[in-house]
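Me: I would be grateful for a close look at one part of this protein, followed outward into its surroundings. Please treat the matter in connected prose.

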Amino acid sequence: MKKNGIITFHGPKFIFFGRGASERIPRGTAVVSPSVYAHFMEAIQNIDGNPVLFSRAAPTGEPGEDDVLKLAAILKDRISAAPKLPVAAIGGGSVIDAVKLALCMASCPGLTFEEIYSGGIPAEAFCRPSLIAAETTAGTGTAVTAVAVVTKKDNVKRGIVSPLLIPDEAYYDPCFIDVLPKEVFASSAMDALTHAIEAYVSTIENEPADTMSLRAAELLAKSVLDGYQGSSAARARAHCGNMMAGQAFSNARLGLCHALAHSIGARFGLAHGRLNAILLPAVIDYNYPSAGKKYDRIYASLDLPGGSLPEYIRGLNSKTGIGNSLSFLGAAFKAIIDDIAAEAAASSLMAVNPRPADNAKIAEFLRKIST
Ligand SMILES: [Fe+2]
């Protein structure tokens with residue numbers, strides 16, 4: 001962010017990246033997704049002999065308020081038994097976001113979601129134990145961001161931003177990415193690519209974030225296909241891009257694509273990364289009159305003859321089975337397109353989108369990709 005000519009750039013105190021990095025996670029309380037635990041049981045037990053297995057009530061998407069409250073009660077007991085030990089969140093975005101919020105709530109007895117929504121995370125949460133995050137998908141970047149997303153009881157997604165949500169240490173070990181099913185790898189990497197692109201074209205001036213987002217976009221765009229086909233080296237590059245894209249968007253924010261993905265995803269329970277991937281080319285086309293040079297610069301970094309960025313992304317979507325249409329949402333989606341366009345236009349994310357919201361034009365491109 002740039003205020004009065006001063007740029008600030010935040011992030012974790014330490015980021016550990018590379019094969020074997022997760023072996024450095026210190027002992028403490030581990031909160032882990034069951035699928036990650038099944039693959040890495042011995043390694044997780046070296047961190048915590050009795051880890052907390054976390055899974056949200058909904059099959060996909062962000063953690064719900066009740067998921068977080070349940071976890072906060074467990075962490076409160078763990079913290080009172082061992083107040084100096086760190087808490088490590090090991091998993092995808094839902095596990096890490098749930099731990100970020102639950103740890104703050106466990107450290108501020110009585111704190112409610114309503115208080116967080118109206119006043120943010122209170123300063124009392126500074127007394128929370130050290131927060132460690134190891135990201136096990138290629139997509140959310142949440143181990144390095146100041147953001148946590150929760151699904152409210154009315155099914156609306158809510159992003160919460162606070163420096164207290166930035167993990168103290170972040171771990172990006174490609175060993176976690178190697179075991180991802182190819183569909184999960186592709187959709188999470190496309191989410192990270194969306195982070196990089198939206199941060200790069202954001203109206204927030206932030207040179208470090210711009211530099212990271214441009215390089216992240218290049219790494220991700222070049223690695224998605226090979227990673228989908230099983231290349232371990234490509235998956236490691238995508239994970240590095242994911243980490244940089246996370247830092248970039250935590251400092252430069254996101255835009256229209258995420259505003260739409262949040263609105264549609266909350267209503268239809270779709271995988272966030274897949275939704276962003278399908279929406280992204282149409283959003284680039286919409287924003288192009290205001291940010292064409294930046295999109296062209298990203299595409300130039302791929303060093304390909306001819307073509308364009310949206311065309312390239314549509315190609316990735318086709319080749320990874322994500323597809324380029326929302327037609328599978330059927331008539332129920334078509335009936336609420338105007339509402340979704342209006343909701344996205346009113347999102348706080350639009351404050352930094354390069355082109356202001358034009359509800360009719362947004363609804364128009366949503367209609368096109370829903371047929
Ligand atoms: Fe995302």
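Me: Is Ser213 buried or exposed, and which residues does Ser213 touch? Please start there and then place the helices and the sheet around that account.

Reply: Ser213 is buried, because its relative accessible area is 0%, and a residue counts as buried under 20%. The model is a predicted one, and what follows describes that prediction. Ser213 belongs to helix α8, which covers residues 207-228. When residues up to four places away in sequence are set aside, Ser213 touches Ala196, Ala199, Tyr200 and Ala248.

These contacts lead towards the metal site. Helix α7 comprises residues 182-201 and contains His195, one of the residues that coordinate the iron ion. The full set of donors consists of Asp191 through OD and of His195, His258 and His272, each through NE2, at 2.2 to 2.3 Å. Along the sequence these donors follow the spacing D-x3-H-x62-H-x13-H. His195 in α7 and His258 in helix α10 (residues 256-268) lie 63 residues apart, and the pair links distant parts of the chain. The arrangement is irregular because the four donor atoms subtend angles of 89 to 174° around the iron ion; a tetrahedral assignment would require all angles to lie between 85 and 135 degrees. His195 counts as buried, since its relative accessibility is 3%. His258 is buried as well, with a relative accessible area of 2%.

The loop that precedes α10 deserves a remark. Arg253 is located between α9 (232-252) and α10. Although Arg253 is not a glycine, its phi is positive, at about 70°. Arg253 counts as partly exposed because its relative accessibility is 28%.

A positive phi also occurs in the loop between α11 (272-301) and α12 (309-319), where Asp303 lies. The phi of Asp303 is near 55°, in a residue other than glycine. With a relative accessibility of 68%, Asp303 counts as exposed. Leu304 is in the loop between α11 and α12 too, and counts as partly exposed because its relative accessibility is 38%. Apart from neighbours within four places in sequence, Leu304 is in contact with Tyr299 and Tyr312.

The sheet forms another part of the picture. Six strands make up an open sheet with parallel pairing, in the order β3-β10-β7-β6-β4-β5. At its edges are β3 (14-17) and β5 (52-53), each of which pairs on one side only. Strand β6 is mostly covered, as five of its five residues are buried. Val87, Ala89 and Gly91 are buried on one side of β6, and Ala88 and Ile90 are buried on the other, so that both faces are covered.

Ala89 offers a convenient point from which to read the pairing on either side of β6. Four bridges join β4 and β6 in the parallel sense, with Val31 standing opposite Ala89. Five bridges connect β6 to β7, and these strands run parallel; here the bridge partner of Ala89 is Ala133 in β7. Strand β7 (residues 131-135) is in turn joined to β10 (residues 169-172) by three bridges, again with the strands parallel. In that pairing, Ile132 stands opposite Glu169 of β10.

Helices lie against these strands. Helix α4 (residues 93-107) packs on the sheet and touches β4, β6 and β7, and its direction makes about 160° with that of β6. Helix α3 (residues 65-81) lies across β4 (29-32), β5 and β6 (87-91), and runs at about 165° to β4.

Finally, the aromatic residues add a further detail. The structure holds eight aromatic pairs. One of them is formed by Phe14 and Phe16, whose rings are stacked, with 6.0 Å from centre to centre and 20° between the planes. Ring pairs link Phe14, Phe16 and Tyr171 into a cluster. Phe14 counts as partly exposed at 48% relative accessibility, whereas Phe16 counts as buried at 19%, since buried means under 20%.

How values were computed:
Residues numbered from 1 in each chain as written. Predicted model: local features only at pLDDT ≥ 70, side-chain atom pairs only at ≥ 80, totals over all residues. Heavy atoms only, no water. Donors = N, O, S within 2.8 Å, 3.2 Å for Na, K, Ca; no water. Tetrahedral: all angles 85-135°; square planar, octahedral: opposite > 155°, others 65-115°. Helix = DSSP H or I, 4+ residues; strand = E, 2+ residues; numbered from the N terminus. Buried < 20%, exposed > 50% of the residue type's maximum accessible area, 1.4 Å probe, protein only. Pairing = 2+ DSSP bridges. Contact = heavy atoms within 4.5 Å. Axes fitted to C-alpha atoms, helices over the stretch in contact; angles between N-to-C directions. Phe/Tyr/Trp six-rings, centres within 6.5 Å; stacked < 30°, edge-to-face > 60°.
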